[in-house]
Amino acid sequence: MTAPTPHPSTEGRTPYPVGLLLAGRRVVVVGGGQVAQRRLPALIATGAELHLISPATTPAVQAMADAGELTWHPRPYQDGDLAGAWYALVATDDPAVNAAVSAEAERERVFCARSDDAAAATAWTPASGRDAGATVAVLTGDPRHSAALRDAIVDGLRDGSLAARQYRAHGAGVALVGGGPGDPDLITVRGRRLLADADVVVADRLAPRELLAELPEHVEVIDASKIPYGRFMAQEAINRTLIEHAKAGKFVVRLKGGDPYVFGRGGEELLACAEAGLPVTVVPGISSSISVPAAAGVPVTHRGMTHEFTVISGHVGPDDDRSLTNWEAAAKMSGTLVLLMAVDKIGAIAAKLVEHGRPADTPVAIVQEGTTAAQRRVDATLGTVGAVVDAEGIKPPAVIVIGDVVNVLAAAFRR
C-alpha cells in the first residue's frame with residue numbers, strides 16, 4: 001500500500017465541520033494531564049470505547065478510570081496504540097511523543113487532534129457548549145475567538161435572544177462557586193457567568209466537569225480533587241493556590257460540587273482569602289443533600305409526615321472520637337436524616353441509630369451519582385442497609401436518605 005502523503009500546513013485552510021458519532025467506537029487519548037482532564041468528559045459523553053495512554057494522570061482523570069468510564073493504560077505511548085481507532089487526541093507535553101502519535105495517525109488514516117500544534121493535526125477540537133439538547137461548536141483557528149463566539153451563541157440560546165453579550169473581565173479576586181449536584185445545567189446563572197470570566201479555575205472532583213470543556217484555552221484549570229482514601233490536594237494547598245493566583249492579578253473561580261458552605265469548606269477558604277486581603281464573592285449552589293433525593297423521587301420533607309430534615313456528614317463513624325454528631329439525638333428525631341459522605345460508614349451508622357431507638361424497618365434510599373446520567377437508586381431499611389450497600393457495590397458519591405419520605409412518592413415517581 002502506498003504511504004499517504006503528509007498534509008501541508010493548515011494555515012489558511014478551512015476545516016470541514018462534522019459531528020462524530022463515536023458510541024461504541026475506539027478512541028485513543030495520549031496524555032493524562034490537564035488538557036486530557038478537560039477533553040475527556042465530552043468524549044465520555046459520546047459513549048466511545050475510550051482508551052487513555054499515559055504513565056500518570058491527574059486525580060480527576062484517575063477517578064474517571066476508577067469509575068470505569070475509560071480504560072487507563074499506565075505506560076508511555078507505543079507505536080501501534082492507534083490500531084483500530086476512529087479518532088485520537090494527543091495531549092502530552094512531549095513534542096516528540098506528540099509527533100510520533102501524529103505520524104501513526106497519518107499512516108493509519110485516523111483523524112488526530114493535537115493540543116500543542118494545530119497545524120500538524122488532522123482534526124481541531126472546537127469550542128463547544130450545550131443548551132437544551134443542542135451542541136454548539138465553533139472553529140476559527142483562534143481558541144479565544146472560538147470560545148467567545150461559542151459563549152455568545154450559547155448565552156443567546158439560553159435567554160432566547162441570540163445576541164452576544166459584552167465581555168466584562170473581573171478584577172483580581174476569588175469567587176467561591178457552588179456548581180450543584182453534578183448535572184451541569186444545575187449550576188446557577190451567576191455561577192456560569194463567573195466561570196466564563198475566570199482566568200484560573202480550581203475545580204473539585206464533584207464539580208460539574210462538563211463545564212470545564214467550555215472554558216477558553218487560556219484559562220488555567222487546577223485539579224483540587226479529593227478521592228476518598230486516595231489522592232487529594234490538601235486544603236492548605238488549595239487555600240494557598242487561591243491566594244497566590246489572586247495576588248498575581250488573576251480572577252480565580254473555586255468551582256465546588258453542591259454548595260460551598262455545605263461540607264464544602266467554603267468557610268475555610270473565605271477566611272483564608274479575607275485574611276490575605278482579597279475580595280471574595282460567594283455564589284450559593286444547589287446542595288446535593290436536597291437535590292439528589294429530589295431527582296430520585298424522594299422529598300426530604302412532606303406535609304403530615306415530617307417537620308424537619310437533618311443533614312449529617314458521615315465522613316467519620318459514630319464511634320470515632322472526632323465525630324461531632326449527637327447520634328442518640330438524631331435517632332430520637334422523627335424527621336428525615338440525610339447523610340453525605342457516609343457510604344463506607346453506613347453499616348455502623350445504621351446500627352447506632354437502631355441502638356438508640358430508630359426502628360430497624362425505617363426506609364432508606366441510597367442515590368449514587370445523583371442528577372447525572374449514571375444515577376441509580378437502591379432501597380433498603382436501617383436493618384439491611386449495610387449489607388445492601390456492600391452487595392450492590394455502591395461507591396461515592398452517594399446521598400443516603402433515612403425516613404418515611406423515602407416511600408411517599410415511590411408509586412407516582414415510577415409510573
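Colleague: Does Lys 345 count as buried or exposed?
Modeller: This is a predicted model, in which local features need pLDDT of at least 70, side-chain atom pairs count only at pLDDT 80 or more, and totals for chains, interfaces and linings use all residues. Residues are numbered from 1 along each chain as its sequence is written, while side-chain values use heavy atoms, without hydrogens and water. Buried means under 20% relative accessible area, exposed over 50%, and partly exposed in between (1.4 Å probe, protein chains only). The relative accessibility of Lys 345 is 18%, so Lys 345 counts as buried.

Colleague: Which residue forms a salt bridge with Lys 345?
Modeller: A salt bridge here is a side-chain nitrogen of Lys or Arg within 4 Å of a carboxyl oxygen of Asp or Glu. For Lys 345, the closest N and O atoms of the pair are 3.0 Å apart. The partner counts as partly exposed because its relative accessibility is 48%. That partner is Asp 344.

Colleague: How far apart are the closest N and O atoms of Arg 377 and Asp 379?
Modeller: Both ends of this salt bridge are partly exposed: Arg 377 has a relative accessible area of 22%, and Asp 379 is at 31%. Their closest N and O atoms are separated by 2.7 Å.

Colleague: How many residues apart in sequence are the parts tied together by Asp 204 and Arg 254?
Modeller: Asp 204 and Arg 254 form a salt bridge, with closest N and O atoms 2.8 Å apart. Asp 204 lies in the loop between strands S9 (200-203) and S10 (220-223) and Arg 254 in strand S11 (residues 251-256), so the pair ties together parts whose separation in sequence is 50 residues.

Colleague: Which residues are linked with Asp 204 and Arg 254 in a network of salt bridges?
Modeller: Arg 254 is buried, because its relative accessibility is 1%. The structure holds 17 salt bridges. The network that includes Asp 204 and Arg 254 also takes in Lys 256 and Glu 269.

Colleague: Which strands stand at the edges of the open five-stranded sheet?
Modeller: Strands (E, at least two residues) and helices (H or I, at least four) are DSSP runs, numbered from the N terminus; two strands pair if DSSP finds at least two bridges between them. The order of this mixed sheet is S13-S14-S17-S15-S16. The edge strands each have a single partner, so one side of each is left without a neighbour in the sheet: they are S13 and S16.

Colleague: Which residue in S17 does Val 364 stand opposite?
Modeller: S15 and S17 pair in the antiparallel sense over five bridges. The residue in S17 is buried, with a relative accessible area of 0%. Leaving aside neighbours within four places in sequence, its contacts (heavy atoms within 4.5 Å) include Leu 337, Leu 339, Leu 353 and Val 364. Opposite Val 364 stands Ile 402.

Colleague: Which strands do the buried residues of helix H8 pack against?
Modeller: H8 spans residues 288-295, and its buried residues are Ser 289, Ser 291, Val 292 and Pro 293. After the helix comes Gly 297, with a positive phi near 85 degrees. The buried residues of H8 pack against S13, S14, S15 and S17.

Colleague: What is the distance in space between Ile 402 and Phe 111, C-alpha to C-alpha?
Modeller: Ile 402 is placed in strand S17. In sequence, Ile 402 and Phe 111 are 291 residues apart. From C-alpha to C-alpha, their separation in space is 51 Å.
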